Amino acid sequence: MTGLSMLNAGISTQLLLTLFDIEGVVHYGIAGNANPKLQIGDVTIPQYWAHTGLWNWQRFGDGPKDALALEASGDYSRRFGYLKFADYNNNTKHSKSATNLLNNVWFQAEEIFPVNGTAEVRQHAFWVSVDKTYFEIARELKNVKLSNCVNTTCLPRRPIVVRVEKGVSANVFVDNKAYREFLHSKFDVTAIDMESAAVALICLQQKKPFIAIRSLSDLAGDSSTLSNEVDVFASLASQNALDVVVRFISLLNQ
């Protein structure tokens, strides 16, 4: 049990790798959903994870063509794009858009220092891949039978297990439709959580195989026909994630 947030997840993972002889890391839990093609209860297995909470907040008046603070020294870059707050202004009464004093935030890669790297020479990582062998094994999970009802409240269809391309993490609980849609359109993400990217980054630095299995508990920020989504279906999503993890571990032992 890591506890909430990137910090707790990273510390817990590092403690496990330090204190025990770990062969690999299988991380699991629930997540918000950014992909409207999937539903609550579906279990996702992203191939790549990124931390989308490390930003360079650009000064007001500067734009995409202006260098960021400390960009010249290699501390920050404009490689992974930005969120422009003015794109989400409410229009004025004359239907004219305006600037926004919050300006832009630019998404940044993490600095990492792999155990097999050169001492004190940093590398950068944004998208971190799960272990290729683990991801291939996960292909065999698609027929796991998952629960679709909590008492008398049932989902429109029985949940499925699906390998997806990307998931993201940050110290933010996303219950906002606009930001969920931004993450999906900008990065093509499905799962949104608060821990998996931290686990991925620690495993990348320590050169340990890793995979994260996340069951979807809600369509982040959306009010659909499934009222009180996360309150109603969190227990179902948690159980579905656990069922898939148990099956995955059994496949590792074959």
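D75 has a relative accessible area of 27%, so it counts as partly exposed (buried is under 20%, exposed over 50%, partly exposed in between, with a 1.4 Å probe and protein chains only). Before we build on that residue, some ground rules: this is a predicted model, where local features need pLDDT of at least 70, side-chain atom pairs count only at pLDDT 80 or more, and totals for chains, interfaces and linings use all residues. Residues are numbered from 1 along each chain as its sequence is written, and side-chain values use heavy atoms, with hydrogens and water left out.

**Exercise 1. Work out which residues are linked with D75 in a network of salt bridges.**

Step 1. Get the criterion straight: a salt bridge is a side-chain nitrogen of Lys or Arg within 4 Å of a carboxyl oxygen of Asp or Glu. The general idea is that side chains of opposite charge can pair when their charged atoms come close.

Step 2. Start from D75. Its side chain meets that of R122 in a salt bridge, at 2.7 Å from N to O.

Step 3. Now look at R122 from its other side. R122 also forms a salt bridge with E111, with the closest N and O atoms 2.5 Å apart. R122 sits in the loop between strand 6 and strand 7, E111 in strand 6, eleven residues apart. Helices (H or I, at least four residues) and strands (E, at least two) are DSSP runs, numbered from the N terminus.

Step 4. Check accessibility. R122 is partly exposed at 29%, and E111 is partly exposed at 35%.

Result: D75, E111 and R122 are linked in a network of salt bridges.

**Exercise 2. Describe the interface of domain 1 and domain 2: how much area do they bury between them, and which three residues supply the most on the domain 1 side?**

Step 1. Set the bounds. Domain 1 covers 6–52 + 113–252 and domain 2 covers 55–108; such bounds come from an automatic or database domain assignment. The C-alpha centres of the two domains lie 28 Å apart.

Step 2. Count who takes part. Ten residues from domain 1 and eleven residues from domain 2 make the contact, where contact means heavy atoms within 4.5 Å.

Step 3. Put an area on it. Domain 1 and domain 2 bury about 880 Å² between them, 61% of it on carbon and sulfur atoms. Buried area here is the accessible area (1.4 Å probe) that two parts lose on being put together, summed over both.

Step 4. Split up the domain 1 share. R122, F126 and F182 supply 49% of the area that domain 1 buries against domain 2, more than any other three residues.

Step 5. Add the charges. Across this interface the rule finds one salt bridge.

**Exercise 3. Take the salt bridge of R157 and D42: where do the two residues sit, and is each one buried or partly exposed?**

Step 1. Get the geometry: the side chains of R157 and D42 meet at 2.7 Å, N to O. By this rule the count comes to seven salt bridges.

Step 2. Place the partners. R157 is in the loop between strand 10 and strand 11, D42 in the loop between strand 1 and strand 2, and they are 115 residues apart.

Step 3. Compare accessibilities. R157 counts as partly exposed at 31%, whereas D42 counts as buried at 0%.

**Exercise 4. Find out what the buried residues of helix 1 line, and what covers them.**

Step 1. Check the span. Helix 1 (residues 6–19) has 14 residues and reaches 20 Å from its first C-alpha to its last, close to the 20 Å expected at 1.5 Å a residue. The expected span is 1.5 Å times one less than the number of residues.

Step 2. List the buried set: M6, A9, G10, S12, T13 and L17. Seen down the helix axis, these buried residues fall within an arc of 165°, so they line one face of helix 1. The arc is that of the directions from the helix axis to the C-beta atoms.

Step 3. Flip to the other side. The face turned away carries the exposed residues L7, T18 and L19.

Step 4. Name the cover. It includes strand 1 (25–33), strand 2 (43–51), strand 11 (161–169) and helix 4 (196–206).

**Exercise 5. Look at the backbone of E120 and N151: what is phi in each?**

Step 1. Recall the background: most residues other than glycine have a negative phi, and most peptide bonds are trans.

Step 2. Read off the angles. Phi of E120 is near 65°, and N151 has a positive phi of about 55° although it is not a glycine.

Step 3. Add the setting. E120 is in the loop between strand 6 (110–112) and strand 7 (123–125) and counts as exposed at 79%. N151 lies in the loop between strand 9 (149–150) and strand 10 (153–154) and counts as exposed at 75%.
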